[in-house]
Amino acid sequence: MESNLKGVWTATILVLSLGIDQCNGQQCNAGDGKALLEFKAGFTDPGNLFITWHPGTNCCTWDMVNCTSSGRVQGLQILAPFPTRGPTPRRNPSYKGAVGATLGDLSALVSLELDSIAFDGPMPNTFNELKKLEDLKLVFNNFSGSVSPSIGGATSLKNMRVDLYGPYPFVGLVPAPVPLSFCNLVKLQSMDINFGMTGKIPACFCRFNQLTTFDLSGNNLVSEIPNCIGYTLLKLTSFDVSFNKFTGPIPAMLGRLSKLEQLRLHQNRFSGSIPEQIGNLVNLVSLSLNNNSLSGPMPASLGRLKNLGFLDLSTNYLTRVTPQLGKLVKLTNLILNSNKLQGSLPQEIVTAGSQGDGLFFDVSNNILSGPVPNVCGSGKVHTFFARKNFFSGGFPLSLASCSYVDLSSNFLGDSKRLGTLPASSPLQELYLGNNRFSGPVPSWFISLIALTSQSIQILDISANKFTGTFPPSLFGLPNLGKVNGSYNMFYSKLPTKSFTAAFSFNLDLSHNKFYGPIPSAFFASLTNAYYLDLSFNKLSGPLPANSGDFSQLQFMDLSDNKLSGTVPASVGKIPDLQYLDLSNNMFTGNVPSKRPPPGTEF
């Protein structure tokens, strides 16, 4: 929302700055100066924000104050450091009056911005005195109570932002409906109110026919969106009522708002199907309907949104992906995860985002089945997440054209080569865990690793049924920081030749059938490892003497093997080690162990 207002506020500040140039030689209005000093008195000022505000001086020369040529204060822009970055003014506990009330005495005020000024109390109730006020911005002010109805008396308002949210805890907030006095603000062009308001959207808001930005996100509004909005607010370019408690269907009348570029209805309780009329909003750039209770198939009309760059329909009960999404060539985000999508993913989907700068595509946690389409073949998809579905068949090698691929928790099991590898690959993360691959690691996988040897950073092939030798090429890749080959049936010895592991290497080969001793060269190559799990294998013999020579290892699990002999004392002295499990082996003497506090993650 703030980005939409950036131009408005910049223009306002420029105009007011010109006013300063005209009044540098003028003495400010005595009443205005008095009102400002009284405002200052209501706060402590540890950061010296008001350092130039002194009695007996010209208030038109004070920081943050803009005057007209006649010396009236027409602009007040008080921007304190964000509370987490520096000291901000806070309510003066010894001040006896209503903090900020004298703002109402600045009757020539056109623009007022208070940012990160901690009132620690109610919002001023004198805004109705500001009949010339056009721009009001109240952000991160730690107000208590409810939004002030007096704002409705500032009937010249064109741009209003009242934002409760920030770094402060919500103390003393009183949920209340939208003040009916706001019905008087018929000149509004931009409205952004996030103040925990309750009840319904007043029908009178449909009279705000000059609005281009409508933002009531982050409140507790209920019921349905008034249908009249689709008939009267025809200048809207942005409509945002996300993070509320709206129910019922999405009004088809929203499809009449032909100038809309942003429609955000997410995090509500909307139900029913997505109306076909949404496809009439051909200027849409961003559409967010996620986290509702929408159901049924996606309407084919979505394919008419040719300018759409962001589409989020996740966390609903949608059942079918329309092939028309392939026509959305400007997409950069296509987020469909956590629905009830079933059937195959249409092949037409591969052209989605083909004219964009790179597509993030997520269909995870659905009921999709059939083969995985070649979604990365165009080279325009950089992320493809499809975990927790029912995809079957093999791994299309064209997916190596993506940077991030997650196909974990599917039914992939065909080890045959599918397609050809691209000439080069940006692949950084590949997740194939919890599928149905079996037998020796296929040759195409070895070729894939060779192609991505300089780019791959995370590789997960856990919870399959791979057998035979673990690919030695996976040790020593320069950027490969995490390898998970656990819960397979690999049957081989650990490498005896030295290699150079990536810094903070994370290796999990647990629950396999690795056998033989742990070579000292293997541990020597992992001195910079962060996580090492070799548990539930068939490793035997004594631990090498360099078993404690790890510089930053935090997790080591060698339990449930056939290791024997004494444990080198240095193992218990690894400097950063938080978890150590050597149980269920055949060690003699002292066997150290470590357990981190509950909830520790590695």
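This report walks through a predicted model of one protein chain, from its overall form down to two helices and two single residues.

**The chain as a whole**

Five helices and 43 strands make up the regular elements of the protein chain. Its radius of gyration is 32 Å, well over the 25 Å that the globule rule gives for 602 residues, so the chain is more spread out than a compact globule. Along the principal axes, the C-alpha atoms fill a box of roughly 90 × 60 × 40 Å. Even so, 54% of the 602 residues count as buried. If you take the contacts between residues at least 6 apart in sequence, 56% of them join residues at least 24 apart. The chain exposes about 24,200 Å², and carbon and sulfur atoms supply 53% of that area.

**Two helices, each with a buried side**

Let's start with helix H2, residues 30–41. How does its length compare with what 1.5 Å a residue would give? Its 12 residues should span 16 Å, and the end C-alpha atoms are 17 Å apart, which agrees. Asparagine 29 caps the N-terminal end of H2, with a side-chain oxygen 2.9 Å from the backbone nitrogen of glycine 31.

The buried residues of H2 are Asp32, Gly33, Ala35, Leu36 and Phe39. They cover an arc of only 160 degrees around the axis, and therefore sit on the same side of H2. A bit of helix geometry is handy here: an α-helix has 3.6 residues a turn, so residues three or four places apart point the same way. Ala30 and Lys34, on the other side of H2, are exposed. Several strands help to cover the buried residues, including S1 (43–44), S2 (65–67), S3 (73–79) and S5 (111–115).

Helix H4, residues 443–451, can be read in a similar way. Its buried residues are Trp444, Phe445, Leu448 and Ile449. These cover an arc of only 140 degrees around the axis, which puts them on the same side of H4. Ser443 and Ala450 are exposed on the other side of H4. As for partners, the buried residues of H4 pack against strand S30 (429–431) and S32.

**Two residues to look up**

Here are two residues that are worth finding in the viewer, with their accessibility side by side.

| Residue | State | Relative accessible area |
|---|---|---|
| Asparagine 464 | buried | 6% |
| Proline 596 | partly exposed | 21% |

Asparagine 464 is found in the loop between strand S32 (458–460) and strand S33 (465–468). Which residues does asparagine 464 touch, leaving aside its neighbours within four places in sequence? They are Leu432, Gly433, Asn434, Asn435, Arg436, Phe437, Tyr487 and Asn488. For one of these, arginine 436, the backbone nitrogen lies 3.2 Å from a polar atom of the asparagine 464 side chain.

Proline 596 lies in the segment after strand S43 (586–588). At 21%, proline 596 counts as partly exposed because buried means under 20% relative accessible area. Apart from its neighbours within four places in sequence, proline 596 is in contact with Gln578, Tyr579 and Phe602. Leucine 580 is 16 residues away from proline 596 along the chain, and their C-alpha atoms are separated by 9.1 Å.

Technical notes:
Residues numbered from 1 in each chain as written. Predicted model: local features only at pLDDT ≥ 70, side-chain atom pairs only at ≥ 80, totals over all residues. Heavy atoms only, no water. Helix = DSSP H or I, 4+ residues; strand = E, 2+ residues; numbered from the N terminus. Expected span 1.5 Å × (residues − 1). Buried < 20%, exposed > 50% of the residue type's maximum accessible area, 1.4 Å probe, protein only. Arc of directions from axis to C-beta. Contact = heavy atoms within 4.5 Å. Polar contact = N/O pair within 3.5 Å; in protein donor to acceptor, adjacent residues only side chain to side chain. Rg over C-alpha atoms; globule rule 2.2 N^0.38 Å. Areas by Shrake-Rupley, 256 points an atom, 1.4 Å probe, with all protein chains shown as cover.
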